[in-house]
Amino acid sequence: MVQSIRIDDFDYPLPDSRIATHPLAERDRCLLLVRDTEGNISTRRFYELPELLPADSMLIYNNTRVINARLRFRKGDTPGGALIEIFCLEPESPADYAVSFASTSSCSWTCFVGNSKRWKDTPLTMSLTIDGQALTLSATRLRRDGNASVVEFSWDNPAVTFSRIISEVGEIPIPPYLNRGTEASDATDYQTIFSHIDGSVAAPTAGLHFTPEVLSAIDTRGIPRRELTLHVGAGTFQPVKSDTIGEHHMHSEFIAVGRELISELATSGRRVIAVGTTSVRTLESLYHLGCRIAQGLPADILPQWYPYADTHPGLTVSEAMQAILKHLESTGQSTFVASTQLMIAPGYRYRVVRGMVTNFHQPRSTLLLLVSAFLTANGSTASWRDIYDYALADPSFRFLSYGDACLFL
């Protein structure tokens, strides 16, 4: 049973010295560990990726953009007041990301709150001037929701949107394992070159290695490039704290995929290479959501264990995508939008993804489980531990968000 997998089996020693705290000046000069279709492991450079992709590939990446999700308030709006950090995770009301960002008076978000004990019932305030417009931003905690809180933001100047507020006064929320504060360079370093849909609180880091030159070389080879959206939540990088993964509650993340890509997935027959675990989760979730539609089940969210259920219909990829296309036609929509809690772990059967570009992941993480499930598919003998032992034995390899990359086929 997948749920009985012990997370201790997905631990490994990662010294702080191996965690990259900044990216290379030339993104595509990072190392690229390649596990080929024969199970062989080798070391290349990322700029070589275009020539390593199979000729019949389709490259799909996540176009989400990291928002300045970390806001710092001082109690009483004074320099000596207690510092309260509010980390915006996802919109609560309005729940639509674009509508929330366009709000001109108030919106509420699910947030993590730092120094929470010092924040009682009194609203926090911050005096601002943005684009020459003076305003006061207020934060009111509406309720607690587990280890998070629902916070309402309100401001007294309708000429300023919430998007402009967080862009001006928020900070890029770099991962805590970098053990440093946010720097000015992170505003560009922690964004992919194809990011343009605001909503993530963490970068889809496999995409950080791409440069215009690499994309141009992929185009020259005639390999199609396509986009989808998954807004990365903070839970993506959280270690599993339970003994077995069956006790771990997967976070929910917003996904959006256009009709054109769904149609291509239904008919093209190209080998799908996903850039990053976020693209992997989106594409595999798309298949299972299509199965749910075909079964007459709700398709607004994918429960984490649905793929492993005995009642799963086991449709072909084409059948699942056709079900989504019919759903879009019946609802008059051009984009399929849902949320996913998909848990991919050893024993999972990949349906859509035939290759992935990814980084090296934290010990005891769901991302490591996802990679392990892919590496052991079709009876491969190269396990995740073989991959990580290979990289750890070479002091040149750098790990985690700003570290080096892998290509698994």
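Which residue stands opposite Leu-302 in strand 16? Thr-340 does, and we'll come back to that corner below. First, some ground rules. This is a predicted model, in which local features need pLDDT of at least 70 and side-chain atom pairs count only at pLDDT 80 or more, while totals for chains, interfaces and linings use all residues. Residues are numbered from 1 along each chain as its sequence is written, and side-chain values use heavy atoms, with hydrogens and water left out.

**The whole chain**

The chain holds 10 helices and 18 strands; both are DSSP runs numbered from the N terminus (helices are H or I with at least four residues, strands are E with at least two). The radius of gyration is 22 Å, close to the 22 Å that the globule rule gives for 409 residues, so the chain is as compact as a globular protein of that length. That radius is taken over C-alpha atoms, and the rule is 2.2 Å times the number of residues to the power 0.38. Along its principal axes, the C-alpha trace spans about 60 × 55 × 45 Å.

**The sheet of 10 strands**

One open sheet runs 2-1-18-17-14-3-12-13-16-15, with mixed pairing. Strand 2 (41–45) and strand 15 (301–302) sit at its edges, each with a single partner strand, so one side of each has no neighbour in the sheet. Pairing here takes at least two bridges found by DSSP between two strands. Strand 15 and strand 16 (residues 335–340) run parallel and are joined by two bridges; this is where Leu-302 stands opposite Thr-340.

**The sheet of six strands**

The other sheet to look at is open too, with the order 5-6-7-10-9-8 and antiparallel pairing. Its edges are strand 5 (70–74) and strand 8 (124–130), each with a single partner strand, so each has one side without a neighbour in the sheet. From one strand to the next, the twist averages 40 degrees. Here are three of the pairings:

| Strands | Sense | Bridges | One bridge pair |
|---|---|---|---|
| strand 5 and strand 6 (residues 83–93) | antiparallel | five bridges | Arg-70 and Phe-87 |
| strand 6 and strand 7 | antiparallel | seven bridges | Ile-86 and Val-113 |
| strand 7 (residues 106–114) and strand 10 (residues 148–155) | antiparallel | six bridges | Thr-110 and Val-150 |

Helix 3 (residues 162–169) lies across strand 5, strand 7, strand 8, strand 9 (133–145) and strand 10, and runs at about 90 degrees to strand 8. Axes are lines fitted to C-alpha atoms (for helices, over the stretch in contact), and angles run from 0 to 180 degrees between N-to-C directions.

**Two helix pairs**

Helix 7 (residues 276–294) packs on helix 8 (residues 317–331) at an angle of about 65 degrees, with the axes 8 Å apart. The two are therefore roughly perpendicular, a label for 65 to 115 degrees (under 35 is roughly parallel, over 145 roughly antiparallel, the rest oblique). Contact means heavy atoms within 4.5 Å, and this one involves residues including Leu-286, Tyr-287 and Gly-290 of helix 7 and Val-317, Met-321 and His-327 of helix 8. By class, the residues split into 10 nonpolar, two polar and no charged. Ala, Val, Leu, Ile, Met, Phe, Trp, Tyr, Cys and Pro count as nonpolar, Asp, Glu, Lys and Arg as charged, and the others, Gly among them, as polar.

Helix 9 (residues 366–375) and helix 10 (residues 384–392) pack at about 110 degrees, with their axes 9 Å apart. They are therefore roughly perpendicular as well. Leu-368, Ser-372 and Leu-375 of helix 9 meet Trp-384, Ile-387 and Tyr-388 of helix 10, giving five nonpolar, one polar and no charged residues.
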